[in-house]
Amino acid sequence: MTGFSPFETIDGDFAQGLLLIADHASHAVPEDYGTLGLEPRVFERHIAYDIGVEMLTRALAEKLNSPAVLGGFSRLLIDPNRGEDDPTLIMQLSDGAVIPANYPMHEEERENRLNRFYRPYHNAVDAACNKMLQAGGSAPFVVSVHSYTPVWKTIPRPWQVALLWDNDDRAIKPLLSMLREDGTLSVGDNEPYDGALRNDTLFRHCTAKGYANVLIEVRQDLIATPEGVQIWADRLAPMLAHINMMDGIHDIRHYGSRTGSVERI
């Protein structure tokens, strides 16, 4: 894959202080990794990336004139939303699919993937946050965009959208309230996952630094088409713009973590 990059940046108004990130935007794998020993169709599944997230992040960035950082590689290579010491950083088995190129995983190859994919993406997020600090003179508000499957292991997931968070509720409270004002939506609060995950992307870039943040999960079937993406971009953009203007959202405040002690950065 000529010109393969582990991340993509979208320009925007850094001074307004809202940064969009999308860890799992891509299912791309560079040519020298082939298909990781998998059938190519596996890369269309949720185990390879978050379906709909790239389109939704781009649409939100355009509507909000906000910068964004998008992951440029499949999480089957390495998962940017895990700590470097997390045992699920490089999955060997994912939702029934064995990844042949990930087992056995030698330490040299693990370090290679960290240096080639994982760390450049996180360095790009760091750089965007620092640029916002310089441009606006205050802390960024970071919005992480994800999606989840409508059904997991035969169990339906009833929420159309969900918010994940740890202890910092500055963005969560108003966004939950605004979403729940729409009587047609079932809104998850730390569903279908818990937002307190030690050393994940938001822990690393926000919890440890005291930046306001929220992780938005939209059900994949609702953003799998351009029409669905437009509906959700139209819904979320004004809410995020409103929160971005709220008192205290750009202050550096340390709330700690439900995962344990936090070393402030």
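Trainee: How do the residues lining the second largest pocket divide by class?
Mentor: Keep in mind that we're looking at a predicted model. The lining includes Phe203, Val262 and Ile265, along with Arg198, Arg204, Glu84 and Glu263. Sorted by class, the residues of that lining come out as five nonpolar, three polar and four charged.

Trainee: And what volume does the second largest pocket have?
Mentor: Picture the space lined by residues such as Gly83, Tyr118, Asn199, Ala208 and Ser261. The volume of this second largest pocket is about 180 Å³.

Trainee: OK, now the largest pocket: how much space lies in it?
Mentor: There are 46 residues lining the largest pocket. By class, they are 16 nonpolar, 17 polar and 13 charged. The space in the largest pocket is about 800 Å³.

Trainee: Which residues lie nearest the centre of the largest pocket?
Mentor: Start from the whole lining of 46 residues and go for the middle. The ones nearest the centre are His24, Arg75, Asp79, Arg82 and Tyr193.

Trainee: Which element gives the most to the lining of the largest pocket?
Mentor: Strand 6 (141-148), strand 11 (213-219) and helix 4 (201-207) each put in at least two residues. The top contributor supplies four residues, and that's helix 4.

Trainee: Let's do helices. Is helix 1 parallel or oblique to helix 5?
Mentor: The axes of helix 1 (residues 53-64) and helix 5 (residues 226-244) come within 9 Å and cross at roughly 45°. An angle under 35 degrees would count as roughly parallel, and roughly perpendicular runs from 65 to 115. The crossing angle therefore makes helix 1, relative to helix 5, oblique.

Trainee: How do the residues of the contact of helix 1 with helix 5 divide by class?
Mentor: The crossing of these two helices is right-handed. Helix 1 brings Met55, Leu56, Ala59, Leu60, Lys63 and Leu64, while helix 5 answers with residues including Val229, Gln230, Trp232, Asp234 and Leu236. The class split for the contact of helix 1 with helix 5 is 13 nonpolar, one polar and two charged.

Trainee: What about helix 3 and helix 5: at what angle do their axes cross?
Mentor: Helix 3 passes helix 5 in a right-handed crossing. The axes of helix 3 (residues 172-180) and helix 5 come within 10 Å, and they cross at roughly 145°.

Trainee: Which residues of helix 3 meet helix 5?
Mentor: On the helix 5 side you'll find Arg235, Leu236, Met239, Leu240, His242 and Ile243. By class, the contact has eight nonpolar, one polar and one charged residues. The helix 3 residues that meet helix 5 are Pro174, Leu175, Met178 and Leu179.

Trainee: On to backbone oddities. Is the peptide bond from tyrosine 103 to proline 104 cis or trans?
Mentor: Proline 104 sits in the loop between strand 5 (97-98) and helix 2 (107-136). Omega for the bond from tyrosine 103 is near -5°, and that peptide bond is cis.

Trainee: Where does proline 192 lie?
Mentor: The peptide bond from glutamate 191 to proline 192 is cis, with omega near -5°. As for its place in the chain, proline 192 is in the loop between strand 10 (187-189) and helix 4.

Trainee: Last one: what is phi of leucine 36 near?
Mentor: Leucine 36 is in the loop between strand 2 (18-22) and helix 1. Its phi is positive in a residue other than glycine, with a value near 60°.

Conventions: Residues are numbered from 1 along each chain as its sequence is written. This is a predicted model: local features need pLDDT of at least 70, side-chain atom pairs count only at pLDDT 80 or more; totals for chains, interfaces and linings use all residues. Side-chain values use heavy atoms; hydrogens and water are left out. Axes are lines fitted to C-alpha atoms, for helices over the stretch in contact, and angles run from 0 to 180 degrees between N-to-C directions. Angles under 35 degrees count as roughly parallel, over 145 as roughly antiparallel, 65 to 115 as roughly perpendicular and the rest as oblique. A crossing is left-handed if the near helix is turned anticlockwise from the far one by less than a right angle, and right-handed if clockwise. Contact means heavy atoms within 4.5 Å. Ala, Val, Leu, Ile, Met, Phe, Trp, Tyr, Cys and Pro count as nonpolar, Asp, Glu, Lys and Arg as charged, and the others, Gly among them, as polar. On a 1 Å grid over the protein atoms alone, a cavity is a set of points where a 1.4 Å probe fits but cannot get out, and a pocket is an open set with protein on both sides within 12 Å along at least five of seven lines; lining residues have an atom within 4 Å of a point. Grid points are joined across faces, edges and corners, and a volume is the space filled by probe spheres set on the points.
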